[in-house]
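New to this one? Take a quick look at the chain below, then use the notes that follow as a guide to its parts.

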Amino acid sequence: MSKIKVGGQAFGDGVLMRSKKYWALVKEDGSTEFGSLTSWLDHHPRWNVFFIRSVVTFIEMIKFSMQTFRKNPAVVSRRLALWIGIYMAVMLPLSLLFKSWVGNGLLFNAIFQFFSFFGAIWVISKGMTGKIWSYHGAEHKAVNAFEEGKDLNDVAAIQSCSRVHQRCGTNLVFLLLIVMALYLPYPQAFLNLVFSGLYAVFAMVISIELFRQMMRFPKFILSKMVLFGGQQLQKFVTTKEPDDDQVRIASKALQLVLALESMGSQESK
């Protein structure tokens with residue numbers, strides 16, 4: 001198995017693959033884009049410590065996502081915006097209804113977080129173009145094929161791989177759901193709004209750190225629970241079986257990243 005860790009991001013019209021140093025985007029119209037990546041931590045290694053590294057990772061993840069979304073307007077559609085509007089219109093009265101039934105406590109928050117999470121997943125599945133989920137599956141198959149040492153030019157070999165991957169962001173989202181459910185709402189509405197926003201950022205950062213440790217110790221009970229939940233979401237919601245053309249696109253993006261890695265390694269020697 002190669003030491004190079006690769007991941008990706010699916011879009012409605014293609015796949016972006018990335019390693020620690022490079023990224024490559026291949027679209028179904030045949031166009032490609034690529035570039036290099038650098039982290040603030042690469043230049044300030046003394047800050048690469050618990051919690052701080054996850055804060056930096058969170059900020060850089062948001063920044064990179066915004067940049068890629070601007071390159072791919074197909075990701076955002078009026079249909080998605082409409083479904084998000086419907087979701088917000090439904091969730092506000094439902095949250096007040098839940099609050100009147102259960103009260104403003106930890107139990108209310110846990111129920112509401114799980115309900116809103118699966119509601120959001122359903123809304124996104126309705127609002128996003130269906131091809132994004134099959135491109136997500138193609139991305140996972142290509143990465144799994146690479147990690148299993150299979151020929152990335154052999155579409156049949158890639159198609160035989162799983163569309164579920166351990167490092168998928170869906171697993172991180174499932175962990176975030178658990179951490180968010182532990183928030184204890186504040187009695188005053190305005191302060192609760194402020195504190196819940198701050199806690200959401202903290203929850204994301206701590207989830208990234210916990211997820212990092214889970215990837216190191218996947219046999220721990222918490223790791224198994226989170227990975228199982230995330231894998232089921234991948235299987236039934238966030239990925240679909242791709243066709244051969246989508247697999248080729250994902251493989252091409254991955255091979256481009258690997259070529260950039262190879263060129264970078266040769267230049268550094």
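In what follows, helices (H or I, at least four residues) and strands (E, at least two) are DSSP runs, numbered from the N terminus. This is a predicted model, and its chain has 10 helices and four strands. The strands come ahead of the helices, since the pattern along the sequence reads β-β-β-β-α-α-α-α-α-α-α-α-α-α.

**The chain as a whole**

- The chain has 269 residues, and buried ones make up 44% of them.
- Take the contacts between residues at least 6 apart in sequence: 68% of them join residues at least 24 apart.
- About 15,200 Å² of the chain is exposed, with carbon and sulfur atoms supplying 66% of that area.

**The sheet**

- How are the four strands ordered in the sheet? They form an open sheet that goes β1-β2-β3-β4, with antiparallel pairing.
- β1 (7-11) and β4 sit at the edges with a single partner strand each, so one side of each has no neighbour in the sheet.
- From one strand to the next, the twist averages 10°.

**From β1 to β2**

- Five bridges hold β1 and β2 together as an antiparallel pair.
- The two strands make a hairpin, with two residues between them.
- For a spot to find in the model, try glycine 8: its bridge partner in β2 is methionine 17.
- β2 is mostly covered, with four of its five residues buried.
- Helix α5 (residues 131-147) lies across β1 and β2, and it runs at about 160° to β1.

**From β2 to β3**

- β2 (residues 14-18) and β3 run antiparallel and are joined by five bridges.
- Here too there is a hairpin, and three residues lie between β2 and β3.
- Which residues stand opposite each other here? Methionine 17 stands opposite alanine 24 of β3.
- Valine 15 has valine 26 as its bridge partner in β3, and glycine 14 has lysine 27.
- Methionine 17 therefore turns up twice in these notes: glycine 8 has it as a bridge partner, and alanine 24 of β3 stands opposite it.

**β3 and its cover**

- How many of the residues in β3 (residues 22-27) are buried? Six of its six are, which makes this strand mostly covered.
- Both faces of β3 are covered. Tyr22, Ala24 and Val26 are buried on one side, while Trp23, Leu25 and Lys27 are buried on the other.
- Several of these names have come up already: alanine 24 stands opposite methionine 17, valine 26 is the bridge partner of valine 15, and lysine 27 is the bridge partner of glycine 14.

**From β3 to β4**

- Five bridges pair β3 with β4 (residues 32-36), again in the antiparallel sense.
- Leucine 25 stands opposite glutamate 33, which belongs to β4.
- β3 and β4 form a hairpin with four residues between them. In the turn you'll find glycine 30, with a positive phi of about 95°.

**Where α7 meets α9**

- Two packed helices are described by the angle between their axes and the distance between the axes.
- For α7 (residues 169-180) and α9 (residues 221-238), the axes come within 8 Å and cross at roughly 120°.
- That angle is over 115 but not over 145 degrees, and α7 and α9 are therefore oblique to each other.
- α7 passes α9 in a right-handed crossing.
- On the α7 side, the residues that meet α9 are Thr170, Asn171, Phe174, Leu175 and Ile178.
- On the α9 side, the residues include Met225, Val226, Leu227, Gly229 and Gly230, along with Gln231, Leu233, Gln234 and Thr238.

**A closer look at glycine 229**

- Glycine 229 lies in helix α9, and it is among the α9 residues that meet α7.
- Is glycine 229 buried or exposed? Its relative accessibility is 10%; buried means under 20%, so glycine 229 counts as buried.
- Glycine 229 and valine 173 are 56 residues apart in sequence, yet 9.9 Å apart in space from C-alpha to C-alpha.

Key: Residues are numbered from 1 along each chain as its sequence is written. This is a predicted model: local features need pLDDT of at least 70, side-chain atom pairs count only at pLDDT 80 or more; totals for chains, interfaces and linings use all residues. Side-chain values use heavy atoms; hydrogens and water are left out. Buried means under 20% relative accessible area, exposed over 50%, partly exposed in between (1.4 Å probe, protein chains only). Contact means heavy atoms within 4.5 Å. Accessible areas come from the Shrake-Rupley method with a 1.4 Å probe; for residues, only the protein chains shown count as cover. Two strands pair if DSSP finds at least two bridges between them. Axes are lines fitted to C-alpha atoms, for helices over the stretch in contact, and angles run from 0 to 180 degrees between N-to-C directions. Angles under 35 degrees count as roughly parallel, over 145 as roughly antiparallel, 65 to 115 as roughly perpendicular and the rest as oblique. A crossing is left-handed if the near helix is turned anticlockwise from the far one by less than a right angle, and right-handed if clockwise.
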